[in-house]
Amino acid sequence: MNLDGVAEVTLTSGGPNLSKEDDVIRGECRYLSGAEDSREAREILGKLTDGNESGASKTPVVEGSSELRSQNSQGTRVRTHDKSRKEKKKNEGLAKCNESAAGWKVSGHITEWKSVNKQKKDKNAKLKLTSVENSTEATEFILLGLTDDPNLQVPLLLVFLFIYLITLVGNGGVMLVIYPDSHLHTPMYFFLSNLSFVDPGYSSAVAPKTVAALHSGNKLISHNRCAAQSFFFVGFATVECYLLASMACDRHAMLCRPLHYTTTMTAGVCALLTMGSYVRGFLNACIHTADTFRLSFCGSNEMNHFFCEVPPLLALSCSNTCMSKLVVFFVVGFNVFFTILVILIFYFFIYIAVRRHSAEGRRKAFSTCASHLTAISIFYGTIIFLCLQPSSTHSVDMDKIASVFYAVVIPMLNPLIYSLRNKEVKHALWKILNKLNSFKCE
């Protein structure tokens with residue numbers, strides 16, 4: 001009998017002196033697997049086997065064959081030719097066997113239900129384990145921030161909040177000063193107004209979340225918000241690179257070809273350069289965001305940074321990041337070094353042209369380019385510092401400080417640089433303030 005599956009059991013009663021017709025009573029009993037039922041089945045089959053081997057000396061197990069077993073023990077053989085009686089006895093024997101098998105079937109069904117239920121539990125446990133493992137798939141990240149020192153949380157909150165407010169007020173003030181004044185509707189101030197729009201753009205992608213985390217202590221950021229933060233930061237930062245290069249082109253046209261300046265830097269050319277900057281910036285953001293967030297984040301979700309920047313995200317990924325690192329290297333390298341090269345070429349020609357001027361002309365030329373050169377030096381100086389930092393002295397804390405500088409501080413400095421050193425902007429600002437005072441007096 002196969003005790004591990006479903007078995008058909010043939011019950012035989014009687015001795016060796018019985019004929020096949022009267023001696024054999026067959027019942028097909030189905031047995032389902034189970035440890036306790038297997039023991040009971042062995043006991044019943046043992047009794048049946050002992051009854052067959054002992055012949056007339058053993059008492060029959062199946063009640064339907066009791067008469068035949070008693071005749072066999074007395075040494076007599078009764079042959080009955082009544083077909084109906086034989087069928088009746090056979091049916092009675094089958095009924096008794098089925099009664100014995102009924103207990104097996106009920107117990108077997110219970111055992112089968114338990115076995116199936118156990119399999120379902122195991123399957124559910126595996127599904128639950130898979131669900132737990134999949135739940136780490138970048139559902140959210142923990143931004144550890146600049147420091148975990150509780151004594152520095154409030155000072156950092158005040159500093160970040162102050163810088164962000166100055167960024168919004170300063171850049172917003174530059175745009176409000178330029179647009180109403182028709183004297184400032186020139187290519188130079190057109191690019192400056194766009195720069196004043198871009199600076200609060202990528203600062204707003206970082207600073208509000210940092211301020212909120214310092215205030216509430218909630219350092220969690222969801223997968224989608226992290227992707228959005230990375231997208232807008234990379235997009236606006238890349239736009240600024242190309243805007244600075246466009247402003248260098250404008251300085252070159254003004255100082256090297258002053259008589260053709262109005263025909264060279266037309267409104268169409270300025271709009272084309274500006275739109276090209278935005279297209280290249282957000283195309284770059286799409287590439288980085290799509291390439292970074294297609295990766296699997298199945299390990300730790302603690303990011304040792306204060307916002308979702310691409311390098312810390314790649315460090316968290318459990319996928320192969322070699323291709324993503326190459327994308328970052330080539331795309332960022334192209335955008336940064338291409339714009340730097342363009343700026344250097346334009347200023348090289350400006351330097352050659354200014355050398356032929358008098359001392360007064362060189363001073364005016366330097367005054368014209370001073371604000372732009374200061375903004376370029378601060379912005380690209382930070383990027384070059386990060387790129388050329390030796391691996392031996394590289395540290396995460398240094399990366400955080402540099403990120404704070406170009407993500408939060410530089411957007412605040414640009415309006416101060418262009419307004420404090422620009423007489424036309426200061427004159428337009430005082431004109432607006434005088435109008436406000438006159439309205440108050442009235």
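**Notes on a predicted model: strands, cores, rings and charges**

1. Let's start with strand 3, which is joined to strand 5 (residues 302–303) by two bridges, the two strands running parallel. Strands here are DSSP runs (E, at least two residues) and helices are DSSP runs too (H or I, at least four residues), both numbered from the N terminus. Two strands pair if DSSP finds at least two bridges between them. Leucine 143 has methionine 303 of strand 5 as its bridge partner.

2. A word on the basis: this is a predicted model, in which local features need pLDDT of at least 70 and side-chain atom pairs count only at pLDDT 80 or more, while totals for chains, interfaces and linings use all residues. Residues are numbered from 1 along each chain as its sequence is written, and side-chain values use heavy atoms, with hydrogens and water left out.

3. Strand 3 (residues 140–143) has alternating side chains: Phe141 and Leu143 point to one face and are buried, whereas Glu140 and Ile142 point to the other and are not. Buried means under 20% relative accessible area, exposed over 50%, and partly exposed in between (1.4 Å probe, protein chains only). Strand 3 also runs antiparallel to strand 4 (residues 220–222), with three bridges joining them. Here glutamate 140 stands opposite serine 222.

4. Next, the interior. The largest nonpolar core has 62 residues, and those with the most contacts inside it are Phe233, Leu244, Ile343, Phe379 and Tyr380. Helix 8 (residues 223–256) gives this core its largest share, 12 residues. A second, separate core holds 15 residues, including Cys308 and Leu313. Such a core is a set of buried Ala, Val, Leu, Ile, Met, Phe, Trp, Tyr and Cys residues joined through side-chain atoms within 4.5 Å.

5. Serine 193 may be worth a look in your viewer. Serine 193 sits in helix 6 (residues 187–204) and is buried, at a relative accessible area of 2%. Its side chain reaches the backbone oxygen of phenylalanine 190 at 2.7 Å. Leaving aside residues up to four places away in sequence, serine 193 touches Met175, Ile178 and Tyr179 (contact means heavy atoms within 4.5 Å).

6. On to the rings: there are 18 aromatic pairs, counted when ring centres of Phe, Tyr and Trp (its six-membered ring) lie within 6.5 Å, with planes under 30 degrees apart called stacked, over 60 edge-to-face and the rest tilted. Tyrosine 202 and phenylalanine 233 have ring centres 5.8 Å apart and planes at 80°, so this pair is edge-to-face. The pair links helix 6 to helix 8, with the two positions 31 residues apart in the numbering. Tyrosine 202 is buried at 0%, and phenylalanine 233 is buried at 5%. Both belong to one aromatic cluster with Phe160, Phe306, Phe307 and Tyr406.

7. Lastly, the charges. There are three salt bridges, each a side-chain nitrogen of Lys or Arg within 4 Å of a carboxyl oxygen of Asp or Glu. Arginine 251 pairs with aspartate 250, their closest N and O atoms 2.5 Å apart; arginine 251 is buried at 3%, as is aspartate 250 at 1%. Arginine 294 pairs with aspartate 291 at 3.2 Å; the arginine is partly exposed at 48%, while the aspartate is buried at 11%. Arginine 363 and glutamate 360 form a salt bridge at 2.5 Å, and both lie in helix 13 (residues 359–387), about one turn apart.

How values were computed:
Polar contact = N/O pair within 3.5 Å; in protein donor to acceptor, adjacent residues only side chain to side chain.
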